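Please walk through the structure below with the sequence at hand, going from the whole chain to single helices and residues.

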Amino acid sequence: ENPWKKSLMKLIANRNIAAFQKSPVVAKTAAVRRCLEEQGVTQIETIPVGLDITQIKKDSHDRGAVCRELGLPEEKQLLLFVGRLEAYKRPFAALELLKELGAAYYLVMIGTGSLKAELRNRIQEEGLERQISYFEKIPNRSMYQYYQVCDYYINFNTHEIFGMSILEAMYQRCTVVARRAPGPEEIIENGISGYLCATDEEMKQVILSEKKPEMGKRAEERILTAFTWEQSARRLIEFVRSRSV
């Protein structure tokens, strides 16, 4: 919103676009590609970023045992929110969803940011302490456990550029329910490997509907076939070679 920052960013963007118009460009989503094409960029290949699955732990696990280890209620449906506590990530929408879903659900929130104090206050004011576990940060080596035991990963950001946490959740077979945005629309096959929703109410209805047991497996397959660094690197090499012939 700052007019000085906006002017500066426009100058930088114009400089970048001028360079992009003269050379091959890789965009990580179709939305970015369309934006560049509107600016007269023509040599574009869409190649997403991916997961380095050699660095991510993935265990067969006893859900109950892991829940007890993490201090989470195994008898409840677990929702997972991972992200910066900033307005654009809409963390308070997760609280509203939890209240509407009721006592059978439990929310795990991981992240920090400028809204941290307000989030803590809201949790207390609305009497949600027994329905929420909040962590500022979880070590990367332990994150896989939260993805594995949670039933749903929820993303409320309506302008999500990509969503690495979405990739991580899907790789661990956690069902993703996300608001429609460029990133989720690039990653998720709606109703097949996750859910894309136009409203928060639709997200609630999806979660309340009967869970598809095969969706977790399809989500994992989606990552393995389209969103690993090995595949992205191969496509990038092919693109570079095709332009250098």
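**From the overall fold to its packing**

Among the contacts in the protein that join residues at least 6 apart in sequence, 63% are between residues at least 24 apart. This is a predicted model, and its secondary structure comprises 11 helices and 8 strands. The C-alpha trace spans about 60 × 45 × 30 Å along its principal axes, and the radius of gyration is 20 Å, which agrees with the value near 18 Å that a compact globule of 245 residues would have. Of these 245 residues, 46% are buried.

A good place to enter the interior is helix α7, residues 164-171, which is largely enclosed by the rest of the structure because 6 of its 8 residues are buried. The buried residues of α7 are S165, I166, L167, A169, M170 and Y171, and what they pack against is a mixture of strands and helices, namely β3 (77-82), β6 (152-155) and β7 (175-179) together with α6 (140-149), α8 (182-187) and α10 (215-226). After α7 comes R173, a residue with a positive phi, near 70 degrees.

Strand β6, one of the elements against which α7 packs, contains I154. With a relative accessible area of 1%, I154 falls under the 20% cut-off and is therefore buried. Leaving aside neighbours within four places in sequence, I154 is in contact with L79, L80, F81, A94, L97, L107, V177, M203 and I207. One of these contacts, V177, lies 23 residues from I154 along the chain, yet the C-alpha atoms of the two are separated by 5.0 Å.

Helix α6, which also packs against the buried residues of α7, has a further partner in helix α3, residues 63-70, and the axes of α3 and α6 come within 10 Å and cross at roughly 125 degrees. The two helices are therefore oblique to each other, since an angle of this kind lies outside the range of 65 to 115 degrees for roughly perpendicular and is not over 145 degrees. The crossing of α3 and α6 is left-handed. On the α3 side the contact is made by R63, V66, C67, E69 and L70, and on the α6 side by Q145, Y146 and V149; by class, these residues divide into 5 nonpolar, 1 polar and 2 charged.

How are α4 and α5 oriented with respect to each other? Helix α4, residues 91-101, and helix α5, residues 116-125, pack with their axes 10 Å apart and at an angle of about 15 degrees, and because angles under 35 degrees count as roughly parallel, that description applies to α4 and α5. Their crossing is right-handed. Here F92, L95 and E96 of α4 meet E118, L119, R122 and I123 of α5, so that, by class, the contact has 4 nonpolar residues, 3 charged residues and no polar ones.

Finally, the strand β1, residues 25-27, offers another buried position, since A27 is found in this strand and counts as buried at 3% relative accessibility. Not counting residues up to four places away in sequence, A27 touches V32, R33, L36, I44, E45, T46 and I47. By contrast with these contacts, M215 is 188 residues from A27 along the chain, and the C-alpha atoms of A27 and M215 are separated by 28 Å.

Notes:
Residues are numbered from 1 along each chain as its sequence is written. This is a predicted model: local features need pLDDT of at least 70, side-chain atom pairs count only at pLDDT 80 or more; totals for chains, interfaces and linings use all residues. Side-chain values use heavy atoms; hydrogens and water are left out. Axes are lines fitted to C-alpha atoms, for helices over the stretch in contact, and angles run from 0 to 180 degrees between N-to-C directions. Helices (H or I, at least four residues) and strands (E, at least two) are DSSP runs, numbered from the N terminus. A crossing is left-handed if the near helix is turned anticlockwise from the far one by less than a right angle, and right-handed if clockwise. Contact means heavy atoms within 4.5 Å. The radius of gyration is taken over C-alpha atoms; the globule rule is 2.2 Å times the number of residues to the power 0.38. Buried means under 20% relative accessible area, exposed over 50%, partly exposed in between (1.4 Å probe, protein chains only).
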